[in-house]
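Here is a short note for your review. Please read it with the model open.

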Amino acid sequence: MEKIRCLIIGGGPAGYTAAIYASRANLSPVLYEGLQPGGQLTTTTDIENYPGFEKGVGGQALMDAMKTQAANLGADIRRGTVTSADLSSRPFRITVDNGGEISAESLIIATGATAKYLGLESETRFRGMGVSACATCDGFFYRNRNVAVVGGGDTACEEASYLANICSKVYMIVRRDVLRASQAMQDKVMNTPNIEILWNCNTQEILGDLSGVTGARILRKDGEVFDIAVDGFFLAIGHHPNSEVFSKWVKTDENGYIVTDGKTSHTNVEGVFAAGDVQDTIYRQAITAAASGCKAALDAEKFLNNLQ
Ligand code: NDP
């Protein structure tokens, strides 16, 4: 069985930053990137709030740079997803989907979070045929068409603004009479003429045929049911943390976010650390994820040094 001193799971800003710090501390880190190398940022176009880039930076470009930086410093970055973990004793035993079982002295969980769906049968039926959780990945297909975005947070506003540049019309389906998004994003969507907000509305069903999505049936709080004609239906209603593989051992909150100890990245299992969106219920930014990856690597370094 392969023996690893510092195993990092997750290829987003938290994982790559942990790999940068762990490499420089001579911990010989191995990082498994998971299903979406680069994480959620690879589904974003321009990031304007990551410090150090006067004119902003592309999400994919930022992630590629972090990954290359980690690899140049010596991190062993691999494709592969963790399918099971036994954290009952050290060294921890981790199984990766491409067959290997790994023994790890320390573990940094930086598996991020995944987009939520509404749970409608029609949503599953049309997934990939008009239903998407990533406007920047799929918006291109709806040039000069009508689309809908569900949600009222920063993600929904960002996606609606992005789509408004490509599409004829964007409906925002918002379940309350207020947006949750920051004031700046609210102002942006309110001032975009081809975004129409459908307040107090929920989606009853996504309509379509063999060619894919053709519309959505909307139920307003006052009881009115009406259809909108759209070719694309985008979900932007938040994310759930990717902690399932570890949750038998590592303490999570009621929503599945890994609980860390105070200002540190320590979990309830000694030698297991958590970083990034899988443990962040508040900030969920690239910069905060990167910072928590740094903390996790420093915590792992201290832990490993104390073992010697
Ligand atoms: P949020 O949790 O902030 O917002 C989710 C939105 O979806 C809310 O409006 C919520 O409604 C709505 N919603 C949730 N479930 C349903 C449902 N079943 N049906 C209909 N609507 C639903 O998630 P975001 O992904 O927008 O943002 C997550 C975090 O990331 C936030 O802290 C945000 O500020 C941050 N972020 C920052 C960005 C930036 O700084 N550039 C960009 C994107 C995100 P309700 O309000 O009624 O609960």
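The points below cover the ligand site, one helix pair and two backbone details.

1. **Status of the model.** This is a predicted model. Please read every distance and angle below with that in mind.

2. **Ligand shell.** The ligand has 19 residues around it. Those that come nearest are Gly 152, Asp 154, Thr 155, Arg 176 and Arg 180. By class, the shell splits into eight polar, six charged and five nonpolar residues.

3. **Main contributor.** Which helix gives the most to the shell around the ligand? Helix H5, spanning residues 154–164, does, with three residues. Asp 154, at one end of that residue range, is also among the residues that come nearest to the ligand.

4. **Polar contacts.** Three side chains deserve a look here. Asp 154 places a polar side-chain atom 2.6 Å from an oxygen atom of the ligand. For Gln 285, the distance from a polar side-chain atom to a ligand oxygen is 3.1 Å. For Asn 49, an N or O atom of the side chain is 3.3 Å from an oxygen atom of the ligand. As for burial, the protein covers 75% of the 920 Å² that the ligand exposes when taken alone.

5. **Helix pair.** Helix H1 (residues 13–24) and helix H2 (residues 59–72) have axes that come within 8 Å. They cross at roughly 25°. Angles under 35 degrees count as roughly parallel, so H1 and H2 are roughly parallel to each other. Their crossing is left-handed.

6. **Cis peptide.** Check the bond from Arg 90 to Pro 91. This peptide bond is cis, with omega near -5°. Pro 91 sits in the loop between strand S6 (82–86) and strand S7 (92–96).

7. **Positive phi.** Where is Asn 26 placed? Asn 26 belongs to the loop between H1 and strand S2 (30–32). Asn 26 is not a glycine, yet its phi is positive, at about 60°.

How values were computed: Residues are numbered from 1 along each chain as its sequence is written. This is a predicted model: local features need pLDDT of at least 70, side-chain atom pairs count only at pLDDT 80 or more; totals for chains, interfaces and linings use all residues. Side-chain values use heavy atoms; hydrogens and water are left out. A residue is near a molecule or strand if one of its heavy atoms lies within 4 Å of it. A polar contact is a pair of N or O atoms within 3.5 Å; within protein, one must be able to donate a hydrogen and the other to accept it, and residues adjacent in sequence count only if both atoms are side-chain atoms. Accessible areas come from the Shrake-Rupley method with a 1.4 Å probe; for residues, only the protein chains shown count as cover. Helices (H or I, at least four residues) and strands (E, at least two) are DSSP runs, numbered from the N terminus. Ala, Val, Leu, Ile, Met, Phe, Trp, Tyr, Cys and Pro count as nonpolar, Asp, Glu, Lys and Arg as charged, and the others, Gly among them, as polar. Axes are lines fitted to C-alpha atoms, for helices over the stretch in contact, and angles run from 0 to 180 degrees between N-to-C directions. Angles under 35 degrees count as roughly parallel, over 145 as roughly antiparallel, 65 to 115 as roughly perpendicular and the rest as oblique. A crossing is left-handed if the near helix is turned anticlockwise from the far one by less than a right angle, and right-handed if clockwise.
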